[in-house]
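Please open the structure in your viewer and keep the selection tool at hand. The tour below goes from stop to stop, saying at each one what to select and what can be found there.

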Amino acid sequence: MTSKKEQKNKNAKRRGASQWAVAWRRFKRNRAAVVGLAIVLVVVFLAVFGRFFAPYPSRPDPGAFEPFYKGDVRVPPNSEYWFGTSGLGTDILSEVIHGAKYSLYVGVIVTVITIGIAILVGSTAGYFGGWVDNVLMRFTEVFLVFPALLFILVFVRIFTLTAQDPFLTIPLLNIRIPMGLTIVIFVLAIFSWAGNARMVRGEFLRLREREFVEAEKALGASQSRIIFRHILPNILSSIIVVASLTIAYAILIEAAVSFLGFGDPNTTTWGQILQENFADMRIVWWAAIFPGLAILFTVFGFNLLGDGLSDALNPRLRD
Amino acid sequence: MSAVSNVKGFFGSSMVKYVIKRLIYMLPVLIGISILTFITLHAAGDPLNIIRLGRPTVDQATLDAVAAYYGLDQPIPIQYLTWLSNILRGDFGNSLFGGIPVNLLIGNWFWETVKLMTISIVLAFIISIPIGVYSARKPYSKTDYAITSFSLFGVSMPTFWLGLILIIVFSFTLGWFPSEGSTGVIKVWWGHYVFDKIAHLVLPVAVLVYVSLAQNIRLIRANMLEVLRSDYILAARASGLSERKITYSYALRNAIAPTITFLGIALGAIIAGAPMTEYVFNWPGLGRTYVNATTRLDFPVVMGIVMIITVMALLANLIVDLIYVYLDPRVRIG
């Protein structure tokens, strides 16, 4: 990250401040945006290094139930269990820490897929226009209009039932990928790209009539070159902003799906913890408060970051 | 198509044509969604299996009879066509659990959901206008920061979690409001059955209002900021109009049009968010029933609710588009 930025700064010195250097300077001045970035970095840190300092290991490992064997079930927050223990006899603090990696996994992968589909559909519709645009946009509208959550529930139910192995282990790196959660991610992505595709299309409509595109056409550039080398870099800033907000959205909706009991039972995402403790919430209020605070904190961070990026990258919108 | 240039044109023939066209466009969308739901539901599993799980002793003959009674033994395309022809005659079929006609129940669910949603949307919209305007008129002031962070919190908060917290605080701890349902079963709250209904509405409405309030404030603030910077506001100021008149009759009218379009999307968010709120508060509306019916693979109920919600969403979008044209005559329709 920093090395890239230094390179950018060097470039900036050579050819005058680049667009990105200017944006970074503007970003740094915005206190809310910096707070957002800090929150996101904390969550990333927890996701990567959490397992080294979490008091108990993450769920499929029987060590997670150690408080249960000690007889510490439904213990309110104290000096030993900072966030208390759940009705299943697990340490809420550890589960919240382990939840960070699942949340980031959901957020990032959903965003990558949705942005990919959005660019594909949006750029085709926006660049070619005419009947292509009409057909693609009607198609997009179907996805935009109908109540996605309802469909997500049905699809998640089907596909999680068909999942064979709960985990796929990547050799060497020793990273275990939860399959049920991955299925949830794909279903979420399929139902979340429509709004972004509309945004990409709008930007393409705006840019395709501009002089630089015309000039490129006159020079005989191929369509793919115009789309990918000329128009796309120009909407990159909007895409970055939308990506940050999509991560926030994905984390929220995954929490909702898990909370309704349609999530992957093998992964303790924050929504999953809330779901498990919903029934005896009257007693274990701490199990309802802390995972929710974690969701709020993370989503708040990504939203702040998105707003900050938007202000920094699209200065026309600001004073 | 012709541009709608004034209020008279709004009710003119081009408008009627446009509405009819939009209504006709809805049909393929509805049929597409119904086919998609039907196929996915059948791919999700066999409701007979759930009976088998619940009553392991049941014999095959009974299961066959059940399947024949509900038409579950037919091939899926035939089942779909039967369902379609029934629904065209206004018959949603019988619930697979209890065999009650969906028609009898769906009205109640619909009414409960509409009650919850209308109150929240209207309240949120009315409250958000003055707050958003105030925030935009004094941008980057302390109050503005307070308002924007308050609304950003609302956008970042899981709906259902806010519901949980409110239940824990106001229902379990303080005991001011009921924690579930739309009417008191064991006791009547606040002494009278009308007050009892209101008492049950308070917490779920509070959740929905806060969530959509947050979105509305952000939109109104952003649009007002843009409008207040434009040249005609400068001109209005130069001509000596009062600040109040400029804000509310010049700027707000122009800022509200884009807000209304987003309200369409916000509506979608509320329709999507309502199941969560209904589930947490055990509210007997469409959303909670949908979640339960999906877990039990109750085809007729799920299909009926999906159809109703889709029609609601499509109509809401159409109405929003019409309001948009009315507020901003430059927008062309067609």
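A residue is called buried when its relative accessible area is under 20%, exposed when that value is over 50%, and partly exposed in between. The model on the screen is a predicted one, and every value given along the way is computed from it.

**Chain A as a whole**

Begin by selecting chain A, in which there are 13 helices and two strands. Of its 319 residues, 52% count as buried, and its accessible surface comes to about 15300 Å², with 63% of that area belonging to carbon and sulfur atoms. If you look at the contacts between residues at least 6 apart in sequence, you will find that 69% of them join residues at least 24 apart.

**Salt bridges**

Over all chains, the structure holds ten salt bridges, and three of them are visited here. Select A:Glu216 and A:Arg225, whose side chains meet in a salt bridge with an N to O distance of 3.4 Å. Is A:Glu216 buried or exposed? With a relative accessible area of 12%, A:Glu216 is buried, because the limit for that class is under 20%. Its partner A:Arg225, by contrast, has a relative accessible area of 37% and is therefore partly exposed.

Next, select A:Arg201 together with A:Asp133, which form a salt bridge whose closest N and O atoms are 2.6 Å apart. This pair links distant parts of the chain, since A:Arg201 belongs to helix α9 (residues 194-207) of chain A and A:Asp133 to helix α6 (residues 130-145), with their positions 68 residues apart in sequence. Both A:Arg201 and A:Asp133 are buried.

For the third pair, move to chain B and select B:Arg237 and B:Glu243, whose side chains meet in a salt bridge at 2.9 Å, N to O. B:Arg237 is partly exposed, with a relative accessible area of 37%, and B:Glu243 is also partly exposed, at 32%.

**Helix α11 of chain A**

Return to chain A and select residues 223-259, which make up helix α11. A straight helix of 37 residues would span 54 Å at 1.5 Å a residue, whereas this one spans only 46 Å between its end C-alpha atoms. Where does the kink in α11(A) lie? Centre the view on A:Leu232, where a kink of about 50° is found shortly before the proline A:Pro233. The helix is mostly covered, with 26 of its 37 residues buried. Just after α11(A), you can pick out A:Gly261, which takes a positive phi of about 90°.

While still in this helix, select A:Ile240, which is found in α11 of chain A. With a relative accessible area of 30%, A:Ile240 is partly exposed. Once its neighbours within four places in sequence are left aside, A:Ile240 is in contact with A:Trp20, A:Leu309 and A:Leu313. To get a sense of scale, draw a distance from A:Ile240 to A:Gly63: the two are 177 residues apart in sequence and 40 Å apart in space, C-alpha to C-alpha.

**A nonpolar patch**

Now select A:Val44, A:Phe45, A:Val48, A:Phe49, A:Phe52 and A:Phe53, which form a nonpolar patch on the surface with about 580 Å² of accessible area together. Within this group, A:Phe45 is found in helix α3 (residues 31-53) of chain A, and at 43% relative accessibility it counts as partly exposed. An α-helix has 3.6 residues a turn, so residues three or four places apart point the same way.

**Two loops with a positive phi**

Select A:Arg74, which lies in the loop between α4 (66-69) and α5 (92-128) of chain A. Its phi is near 55°, a positive value in a residue other than glycine, and at 37% relative accessibility A:Arg74 counts as partly exposed. In chain B, select B:Asn282, in the loop between α11 (243-280) and α12 (286-296). The phi of B:Asn282 is near 50°, again a positive value in a residue other than glycine, and its relative accessibility of 30% makes B:Asn282 partly exposed.

**A last stop in chain B**

Finally, select B:Asp144, which is found in helix α7 (residues 142-156) of chain B. At 1% relative accessibility, B:Asp144 counts as buried. Which residues is B:Asp144 in contact with, leaving aside its neighbours within four places in sequence? They are B:Ser135, B:Lys138, B:Pro139 and B:Arg221.

Definitions and conventions
Residues numbered from 1 in each chain as written. Chains lettered and ligands numbered in written order. Predicted model: local features only at pLDDT ≥ 70, side-chain atom pairs only at ≥ 80, totals over all residues. Heavy atoms only, no water. Patch = residues over 30% accessible without salt bridge, like charges linked within 9 Å, V, L, I, M, F, W, Y side chains within 5 Å. Areas by Shrake-Rupley, 256 points an atom, 1.4 Å probe, with all protein chains shown as cover. Salt bridge = Lys/Arg side-chain N within 4 Å of Asp/Glu carboxyl O. Helix = DSSP H or I, 4+ residues; strand = E, 2+ residues; numbered from the N terminus. Buried < 20%, exposed > 50% of the residue type's maximum accessible area, 1.4 Å probe, protein only. Expected span 1.5 Å × (residues − 1). Bend = angle between axes of the 7 residues up to and from the residue. Contact = heavy atoms within 4.5 Å.
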